[in-house]
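Trainee: I should like to learn how the terms used for a protein model are justified. May we go through them one by one?

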Amino acid sequence: MADSPPTTVDVPSTTAPTPGPAGQGRAAGMFRALKHRNFQLFFGGQIISLVGTWMQTVAEAWLIYRLTGSGALLGVLGFVGQIPIFLLSPLAGLVADRWPRRRVVIATQASSMLLAFTLAALTLSGQIRKENVWEIIALATLLGTVNAFDVPARQSFLIEMVGRENLLNAIALNSSMFNGARVAGPAIAAGLVAVVGEGWCFLLNGVSYLAVIAGLFMMRIEKSQAVHDGASPLEKLREGFRFARHTKPIRALLLLLGVVSFMALPFSVLIPIFAVRILHGGVNAYGWLMGAVGFGAMFGALAIAMRQQLRGMGNVVAYSAAGLGVSLVLFSASSWFLLSFVILIFCGFAMMMQFTATNTLIQAMVPEQLRGRVMSLYAMMFLGMMPLGSLVAGKLADYIGAPTTVAIGGLASCIGGLVFARKWPALRGPARDLLAAQGMMSPPSPPAPTTPPS
């Protein structure tokens with residue numbers, strides 16, 4: 001994506017190195033964070049683990065829908081899997097700021113592995129039936145609780161792996177990795193479910209966690225970034241909330257993120273309904289549609305990874321939210337599988353452009369001692385608002401239909417993006433000040449002295 005012209009920039013250039021001559025362009029610097037050994041280990045382990053995670057996500061939703069045929073239960077599954085993030089993220093952010101982040105991530109990954117093996121054992125042994133799908137709901141709730149602590153710790157841990165210089169690229173590559181797995185995971189899950197059933201997806205997901213845990217143990221982290229100044233936990237929580245509330249650029253970014261997550265993102269839990277009732281497919285159609293979202297999202301994250309500076313990021317946030325809304329309205333009106341597939345690619349692209357740009361701007365503006373707590377608020381708005389929306393969307397889909405429900409969410413996202421675009425110009429100055437304070441940009445040069453006319 002081209003940078004905005006200098007007269008309309010959102011923030012000045014960062015301190016990241018600029019491309020040099022002789023073939024060094026944006027694409028050449030797309031993977032610059034991978035020069036760090038620790039990030040290489042993280043990247044390799046995570047991409048294996050995330051493929052397994054998406055396999056489990058798709059198989060879990062399909063198992064619920066196959067057993068019950070209920071859109072409302074799909075909404076419940078999405079709700080219980082992520083509402084702990086909304087409720088526990090502030091506490092999790094405090095943990096990420098007070099304890100070594102690598103240890104926190106190791107603990108959360110190990111816990112997720114045990115839960116995956118438990119779900120696999122119950123499914124493969126035939127314990128999961130229509131009358132006791134509550135067991136799936138309970139395990140999804142526990143996994144959501146683990147993720148509440150995992151997300152802020154993992155996001156905050158990036159800077160310890162790559163340093164400030166390559167932080168922005170690491171954020172984008174992390175998002176592209178997540179969505180590359182989102183392409184492969186559903187496709188593999190669809191094939192496995194059709195041939196051997198959902199339980200094997202859960203088992204393979206459990207095994208996949210071994211890769212990321214091994215990578216975390218092999219890292220060499222020179223210095224922990226944990227912060228503990230003796231203040232009470234309650235005061236530290238308040239400090240994080242106060243910073244986000246009174247810092248206008250971060251507050252605006254979080255508010256738009258919350259609106260889009262609540263209104264638009266629940267479309268993903270309704271995709272089984274589109275696959276079966278509207279597009280007249282089955283589990284393979286569901287897997288392809290989920291993969292389309294991930295395919296577009298992967299390229300959205302890579303588009304951010306190609307950027308060498310923060311210029312234009314505010315505009316990216318605004319117009320990506322609006323673009324996601326338009327795409328969802330079009331998807332809700334489609335009854336042709338190929339068209340729906342293509343539209344979902346654009347949905348994924350716009351969605352990830354917004355979320356990755358938002359993550360990048362917030363991480364660039366936040367002080368290090370508050371990083372875990374502020375990123376927990378990011379997780380709350382990104383992942384924590386979605387379960388509330390999923391619950392509402394599941395109920396609405398049973399009453400007014402999935403297409404109308406998705407269209408309403410798309411309109412809300414479009415309006416939110418346009419409102420943000422109108423308000424962002426007034427926030428550019430405070431954003432520049434925050435970036436300069438964190439060393440993410442050079443301070444503006446003083447105006448050159450003028451020679452009075454003789």
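Mentor: The following conversation takes up salt bridges, burial, cavities and a surface patch in turn. Please keep in mind that the model is predicted.

Trainee: Why is the contact between arginine 66 and glutamate 198 called a salt bridge?

Mentor: The closest N and O atoms of arginine 66 and glutamate 198 are 2.9 Å apart. The term requires a side-chain nitrogen of Lys or Arg within 4 Å of a carboxyl oxygen of Asp or Glu. The value of 2.9 Å lies within that limit, so the pair is a salt bridge.

Trainee: What makes this a link between distant parts of the chain?

Mentor: Arginine 66 belongs to helix α1 (residues 37-68), while glutamate 198 belongs to helix α6 (residues 198-218). The two residues are 132 residues apart.

Trainee: How do you know whether each of these partners, arginine 66 and glutamate 198, is buried or exposed?

Mentor: Buried means under 20% relative accessible area, exposed means over 50%, and partly exposed lies in between. Glutamate 198 has a relative accessible area of 6%, and is therefore buried. Arginine 66 has 47%, so the term for arginine 66 is partly exposed.

Trainee: Which terms apply to the partners in the salt bridge between arginine 101 and aspartate 97, judged by the relative accessibility of arginine 101 and aspartate 97?

Mentor: The closest N and O atoms of that pair are 3.0 Å apart. Arginine 101 has a relative accessible area of 1%, and aspartate 97 has 0%. Both values are under 20%, so arginine 101 and aspartate 97 are buried.

Trainee: What are arginine 101 and aspartate 97 linked with in a network of salt bridges?

Mentor: The network of salt bridges links Asp97 and Arg101 with Glu160, Glu239 and Arg373. In total, the structure holds seven salt bridges.

Trainee: Why do arginine 242 and glutamate 235 count as partly exposed?

Mentor: Arginine 242 has 34% relative accessibility, and glutamate 235 has 31%. These values lie between 20% and 50%, so arginine 242 and glutamate 235 count as partly exposed. Their side chains meet in a salt bridge, at 2.7 Å from N to O.

Trainee: How many cavities of 30 Å³ or more are there, and how much space lies in the largest cavity?

Mentor: There are four cavities of 30 Å³ or more. The largest cavity holds about 1300 Å³ of space, and the second largest has a volume of about 50 Å³.

Trainee: What makes up the lining of the largest cavity?

Mentor: The largest cavity is lined by 50 residues, with Trp54, Thr57, Gln82, Phe178 and Leu383 nearest its centre. Helix α1 gives the most to this lining, with nine residues. By class, the lining has 25 nonpolar, 21 polar and four charged residues.

Trainee: Which residues line the second largest cavity?

Mentor: Among them are Arg32, Leu168, Asn169, Ala172 and Thr360. Helix α5 (residues 167-195) provides the largest share of that lining, three residues. By class, this lining has five nonpolar, four polar and two charged residues.

Trainee: What makes valine 342 accessible enough for the nonpolar surface patch?

Mentor: Valine 342, in helix α12 (residues 337-365), has 34% relative accessibility. A patch residue needs over 30% relative accessible area, so valine 342 passes that cut-off. Together with Trp336, Leu338, Leu339 and Phe346, Val342 makes a nonpolar surface patch of about 510 Å².

Definitions and conventions:
Residues numbered from 1 in each chain as written. Predicted model: local features only at pLDDT ≥ 70, side-chain atom pairs only at ≥ 80, totals over all residues. Heavy atoms only, no water. Helix = DSSP H or I, 4+ residues; strand = E, 2+ residues; numbered from the N terminus. Buried < 20%, exposed > 50% of the residue type's maximum accessible area, 1.4 Å probe, protein only. 1 Å grid on protein atoms, 1.4 Å probe; cavity = no way out; pocket = protein on both sides within 12 Å on 5 of 7 lines; lining within 4 Å. Points joined across faces, edges and corners; volume = space filled by probe spheres on them. Nonpolar A, V, L, I, M, F, W, Y, C, P; charged D, E, K, R; others polar. Patch = residues over 30% accessible without salt bridge, like charges linked within 9 Å, V, L, I, M, F, W, Y side chains within 5 Å. Areas by Shrake-Rupley, 256 points an atom, 1.4 Å probe, with all protein chains shown as cover.
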